[in-house]
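Here are my notes on this one, jotted down as I went through it. Have the viewer open while you read.

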Amino acid sequence: MENCPCCSGLKFKDCCADKISRKNPAQTPLELMRARYSAYAVKDIDFLVFSQDSRTHSGNIRQEIVDFANAVKFIKLEIHNHQHDNETQGHVNFSAYYASNGQIHRLTENSQFIFKDGEWFYLSGDTDFSTLKINRNETCPCGSGKKFKRCCANK
Ligand SMILES: [Zn+2]
Ligand SMILES: [Zn+2]
């Protein structure tokens, strides 16, 4: 893989790869948020389960993550704002765009992250989902330069 899925403009190996492998764990809520987005794109389910705080694990969190990762193709990440509330808490507000069933959807979330045992973890978030109206002849929002109907509309 060349460019990092998180839209940082960096190569995957210079951006989220070491955070996902935990060779060099995320140092901030924003780094972890980007790494989790990229982990969905590369379907690293173990990292997604690990990096979510166990307090907010539901019974079948692994299956939920697998189902979502398989059903969607993430195409774009926008960070709106992020903050360190204090040493052990932070927030990231972002929108992630993904293709699914021939349409483009937007997931906007204000995520809460906590720091414990030397690493950041995703705790929970308030999420809004919406579906974008895109004409099949429009340029695809994924940045490929192709028409939507010849690109992510087929996902
Ligand atoms: Zn990245
Ligand atoms: Zn596309």
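1. Start with the pairing of Glu78 and Ser95: Glu78 sits opposite Ser95, a residue of E2. Keep in mind throughout that this is a predicted model. The ladder around this spot is antiparallel, with E1 (residues 73-86) and E2 joined over 11 bridges. A hairpin through 2 residues takes the chain from E1 to E2.

2. On its other pairing, E2 is joined to strand E3 (residues 103-116) by 12 bridges, and these two strands also run antiparallel. If you want a register check, Gly90 has Phe113 in E3 as its bridge partner. Here too the connection is a hairpin, with 2 residues between E2 and E3. Have a look at Asn101 in that turn, where phi is positive at about 55°.

3. How well covered is E2 (residues 89-100)? Mostly covered, I'd say: 10 of its 12 residues are buried. As background, side chains in a regular strand alternate between the two faces of the sheet.

4. Back to Ser95, which lies in strand E2. Is Ser95 buried or exposed? Its relative accessibility is 3%, and the cut-off for buried is under 20%, so Ser95 counts as buried. The Ser95 side chain has polar company, though. One polar contact goes to the side chain of His80, at 2.7 Å, and another goes to the side chain of Thr108, at 2.9 Å.

5. What else does Ser95 touch, leaving aside neighbours within four places in sequence? Its contacts are Lys76, Leu77, Glu78, His80, Arg106, Leu107 and Thr108. Of these, Glu78 is the residue standing opposite Ser95, while His80 and Thr108 are the side-chain polar partners already mentioned.

6. Now the metals, beginning with the zinc ion (ligand 1). Its protein donors are the SG atoms of Cys4, Cys6, Cys15 and Cys16, at 2.2 to 2.3 Å. The site is tetrahedral, with angles of 105 to 113° among the 4 donor atoms. Along the chain the donors follow the spacing C-x1-C-x8-C-C. Cys15 and Cys16 are both buried.

7. For the zinc ion (ligand 2), the donors are the SG atoms of Cys140, Cys142, Cys151 and Cys152, lying 2.2 to 2.3 Å from the ion. The 4 donor atoms make angles of 104 to 116°, and this site is tetrahedral. The sequence spacing of the donor residues reads C-x1-C-x8-C-C. Cys140 and Cys151 are 11 residues apart, both in the segment after strand E4 (119-131). Cys140 is buried, as is Cys151.

8. One more residue to click on is Ala39, in helix H2 (residues 29-42). Why does Ala39 count as buried? Because its relative accessibility is 0%. Beyond residues up to four places away in sequence, Ala39 touches Ile20, Asp44, Phe47 and Leu48. Also check the distance to Pro5: Ala39 and Pro5 are 34 residues apart in sequence, with their C-alpha atoms 8.7 Å apart.

9. Last, the annotation. UniProt, in an unreviewed entry, lists residues 28-125 as "domain: YchJ-like middle NTF2-like". In the model that span is 32% helix and 48% strand, and its end C-alpha atoms lie 17 Å apart.

Terms used
Residues numbered from 1 in each chain as written. Chains lettered and ligands numbered in written order. Predicted model: local features only at pLDDT ≥ 70, side-chain atom pairs only at ≥ 80, totals over all residues. Heavy atoms only, no water. Donors = N, O, S within 2.8 Å, 3.2 Å for Na, K, Ca; no water. Tetrahedral: all angles 85-135°; square planar, octahedral: opposite > 155°, others 65-115°. Helix = DSSP H or I, 4+ residues; strand = E, 2+ residues; numbered from the N terminus. Buried < 20%, exposed > 50% of the residue type's maximum accessible area, 1.4 Å probe, protein only. Pairing = 2+ DSSP bridges. Polar contact = N/O pair within 3.5 Å; in protein donor to acceptor, adjacent residues only side chain to side chain. Contact = heavy atoms within 4.5 Å. UniProt positions renumbered as here; feature names shortened; annotations may be inferred.
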